[in-house]
Amino acid sequence: MVVLSALLLGVSPALAGANPSFFNSKETRSTNLKPFKKWTAALARYSKEAALQGKGDCQTSKLNKCHYEKWNAYLDGLKGKAALNVIRDVNARMNKAKYITDKNNWGKKDYWASPGEFMSRFGDCEDYAIIKFLSLKKLGFKENQLRVVAVKDMNLKVGHAILVVFLDGKTYVLDNQIKQVVEAATVRHYQPVFSINDSFWWRHRI
């Protein structure tokens with residue numbers, strides 16, 4: 001579960017002007033990713049994992065080369081398929097992973113896991129979103145098509161995270177709580193707080 005801290009909610013993008021966005025919000029973009037330490041740390045750990053993906057004993061439950069070999073083999077099997085079918089397949093495949101809270105998994109209130117950590121230890125909502133984000137990037141989706149989004153679930157009254165994909169003029173939601181990939185316009189119970197990718201973050205206001 002994403003914890004929407006008071007510090008984070010108080011961060012304002014550097015660029016002025018709000019544009020229409022998904023979930024009936026308006027967004028303002030910034031290049032300043034410094035406040036998003038959990039996100040940037042997860043990406044940094046991923047970079048280290050990717051460099052070492054050929055190492056490690058497959059017999060251990062910790063991150064090892066077999067985790068990355070299986071991931072890469074799965075992604076290779078999707079190459080050449082229609083983009084919408086790819087995002088549906090990635091969403092369904094990653095949603096099969098076991099949900100484990102950060103407190104039980106890491107002993108922390110909020111921890112953003114790298115793909116390797118997710119493959120070896122599973123995770124919670126933002127971890128599903130992160131591995132989907134990086135899976136689609138590895139498959140050739142452009143950065144400007146992908147955003148991890150922190151939302152407020154207005155039904156459950158908690159923070160949550162999803163992946164949003166922009167494809168052919170439509171906005172799709174990949175969510176571990178929703179079995180199928182759906183268009184953002186059909187989702188009524190999420191209030192976006194911020195969205196982020198490798199280069200930018202967006203503040204959302206209703």
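Five salt bridges were identified in the predicted model. Side chains of opposite charge can pair when their charged atoms come close. Three of the pairs are described here, followed by the nonpolar cores.

One of the salt bridges joins the side chains of arginine 45 and glutamate 117, with an N to O distance of 3.1 Å. Arginine 45 belongs to helix 2 (residues 37-51) and glutamate 117 to helix 6 (residues 115-121), so this pair ties together parts of the chain that lie 72 residues apart in sequence. The two partners fall into separate accessibility classes: arginine 45 has a relative accessible area of 23% and is partly exposed, whereas glutamate 117, at 14%, is buried. The latter assignment follows because a residue counts as buried under 20% relative accessible area.

A further long-range pair is formed by lysine 137 and aspartate 198, whose closest N and O atoms are 2.8 Å apart. This salt bridge links distant parts of the chain, with lysine 137 located in helix 7 (residues 125-138) and aspartate 198 in the loop between strand 7 (190-196) and strand 8 (201-205), at a separation of 61 residues. Both partners are partly exposed, with relative accessibilities of 28% for lysine 137 and 29% for aspartate 198.

Lysine 79 and aspartate 76 also form a salt bridge, in which the closest N and O atoms are 3.1 Å apart. Here lysine 79 is exposed, its relative accessible area being 53%, while aspartate 76 is partly exposed at 44%. The class of lysine 79 follows because the exposed category begins over 50%.

With regard to nonpolar packing, the largest core comprises 44 residues, of which Trp39, Trp71 and Leu136 touch the most other members. Helix 7 makes the greatest contribution to this core, supplying eight residues. Helix 7, spanning residues 125-138, is also the element that carries lysine 137 of the salt bridge with aspartate 198.

The surroundings of tryptophan 71 were examined with residues up to four places away in sequence left out of the count. On this basis, tryptophan 71 touches Tyr46, Met94, Pro115, Met119, Ile131, Leu134, Ser135 and Lys138. Apart from the largest core lies another, made up of eleven residues that include Val151, Val164, Ala184 and Val187.

Conventions: Residues are numbered from 1 along each chain as its sequence is written. This is a predicted model: local features need pLDDT of at least 70, side-chain atom pairs count only at pLDDT 80 or more; totals for chains, interfaces and linings use all residues. Side-chain values use heavy atoms; hydrogens and water are left out. A salt bridge is a side-chain nitrogen of Lys or Arg within 4 Å of a carboxyl oxygen of Asp or Glu. Helices (H or I, at least four residues) and strands (E, at least two) are DSSP runs, numbered from the N terminus. Buried means under 20% relative accessible area, exposed over 50%, partly exposed in between (1.4 Å probe, protein chains only). A nonpolar core is a set of buried Ala, Val, Leu, Ile, Met, Phe, Trp, Tyr and Cys residues joined through side-chain atoms within 4.5 Å. Contact means heavy atoms within 4.5 Å.
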